[in-house]
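Visitor: I have a model open at the bench, and I would like to know what stands behind the words used to describe it. Could you take me through them?

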Amino acid sequence: MAFLSENKYTLFGVAAIILWSCIVALIRDVSELFGPIGGAAMMYTISALFLTLVMGLPKLSDFPKRYLIIGGSLFVLYEICLALSLGMSTSRHQAMEMAVINYLWPAITILLSVMLSKKKVNRLVYPSVAIAFMGVAWCIAGDSGLSLSVLATNMTENPATYFMAFSAAFIWALYCLTTKQLSNGKNAITLFFIATAVALWVKYALSGETGFEFSVDSTFTLLLAGIVMGAGYALWNQALMGGNLILLGTLSYFIPVFSAIFSSFYLTITLPVSFWQGVALVTFGSLMCYLVTKDKPKARSTKCSGAG
């Protein structure tokens with residue numbers, strides 16, 4: 001019991017990482033049950049309600065206006081792009097490709113921070129970013145081999161989802177960089193989830209999706225997905241208060257691996273060896289970016305208040 005008490009904040013962070021690793025599979029499952037837009041709208045509504053119950057409803061006046069406007073807009077855009085890229089994929093396997101693309105955000109965050117910084121940086125950051133992008137290309141190309149023609153052919157089959165997935169990775173990188181400067185240590189995650197849910201309901205009203213079919217199993221899946229997503233953010237917020245951020249920051253870079261493992265079992269799909277090799281490259285490249293740029297006295301320099 002003493003171990004649990006002394007390390008509770010770190011354990012909260014580990015739990016958040018585990019929950020985030022389940023999000024990709026759950027979003028895809030919910031989209032198949034209720035539609036990509038309507039399913040996402042209901043899921044984020046449940047997450048918003050859960051966060052409100054657990055963390056309370058903060059006042060708008062408690063946060064800097066620029067943080068709410070800029071940070072909130074980036075958060076909403078990211079979550080919509082992520083959810084719809086997973087939900088609108090033509091297959092579960094393609095949804096996994098979208099997930100891997102999304103996990104480029106750590107490498108992109110570090111690359112952007114390096115480009116904007118006037119400090120001298122380790123040159124290894126550039127090949128590390130290249131390795132991460134090569135991992136994504138490896139996943140998309142599959143067993144056909146890595147070539148521009150194969151990549152172009154695969155991506156033109158469903159260009160909207162690839163565009164949203166790549167956009168999500170860049171948007172979350174911008175979110176991490178800007179909110180660190182604008183938030184003044186505040187966390188408006190509950191408000192951002194509410195805004196995301198509202199935006200998705202507006203999009204649903206303007207879309208061609210109609211009606212929902214509820215059953216005991218589908219309702220349970222929907223509630224589970226919403227609570228898992230909300231709980232991940234709530235636990236991570238607690239972990240930031242006193243957890244071992246060096247350990248948690250390092251572990252978070254392995255979310256692509258954990259996510260692929262969980263998704264392959266939950267969605268009952270067999271991922272080829274080339275996909276696992278690509279996931280390994282994305283993870284290795286992102287982790288190398290972190291290791292060659294992190295400041296020794298600090299636990300983390302470019303991580304944000306969520307792992308995405």
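**Terms and their values**

Guide: Let us begin with Thr 210, which lies in the loop between helix H10 (189–206) and helix H11 (216–242); helices here are DSSP runs of H or I with at least four residues, numbered from the N terminus. This is a predicted model, in which local features need pLDDT of at least 70 and side-chain atom pairs count only at pLDDT 80 or more, while totals for chains, interfaces and linings use all residues. Residues are numbered from 1 along each chain as its sequence is written, and side-chain values use heavy atoms, with hydrogens and water left out.

Visitor: Why is Thr 210 called exposed?

Guide: Buried means under 20% relative accessible area, exposed means over 50%, and partly exposed lies in between, with a 1.4 Å probe and protein chains only. Thr 210 has 69% relative accessibility, and therefore counts as exposed.

Visitor: What makes the aromatic pair of Tyr 204 and Phe 212 stacked?

Guide: The structure holds 25 aromatic pairs, and in the one formed by Tyr 204 and Phe 212 the rings are 5.3 Å centre to centre with 20° between the planes. Rings of Phe, Tyr and Trp (its six-membered ring) pair if their centres lie within 6.5 Å, and planes under 30 degrees apart count as stacked, over 60 as edge-to-face and the rest as tilted, so the pair of Tyr 204 and Phe 212 is stacked.

Visitor: Which of the words buried, exposed and partly exposed applies to Tyr 204, and which to Phe 212?

Guide: Tyr 204 counts as buried at 13% relative accessibility, whereas Phe 212, with a relative accessible area of 26%, is partly exposed.

Visitor: How do you know that Cys 81 is in no disulfide?

Guide: A disulfide is a pair of cysteine sulfur atoms within 2.5 Å, and by this rule the count comes to zero. For Cys 81, the nearest cysteine sulfur is that of Cys 176, 15 Å away. Cys 81 is also buried, because its relative accessible area is 13%.

Visitor: What puts the buried residues of H13 on the same side of that helix?

Guide: In H13, Ile 255, Pro 256, Ser 259, Ala 260, Ser 263 and Ser 264 are buried. They cover an arc of only 155° around the axis, taken from the directions from the helix axis to the C-beta atoms, and therefore lie on the same side of H13.

Visitor: What covers the buried residues of H13?

Guide: The covering elements, for which contact means heavy atoms within 4.5 Å, include helix H2 (8–34), helix H5 (92–102), helix H12 (245–252) and helix H14 (273–293).

Conventions:
Helices (H or I, at least four residues) and strands (E, at least two) are DSSP runs, numbered from the N terminus.
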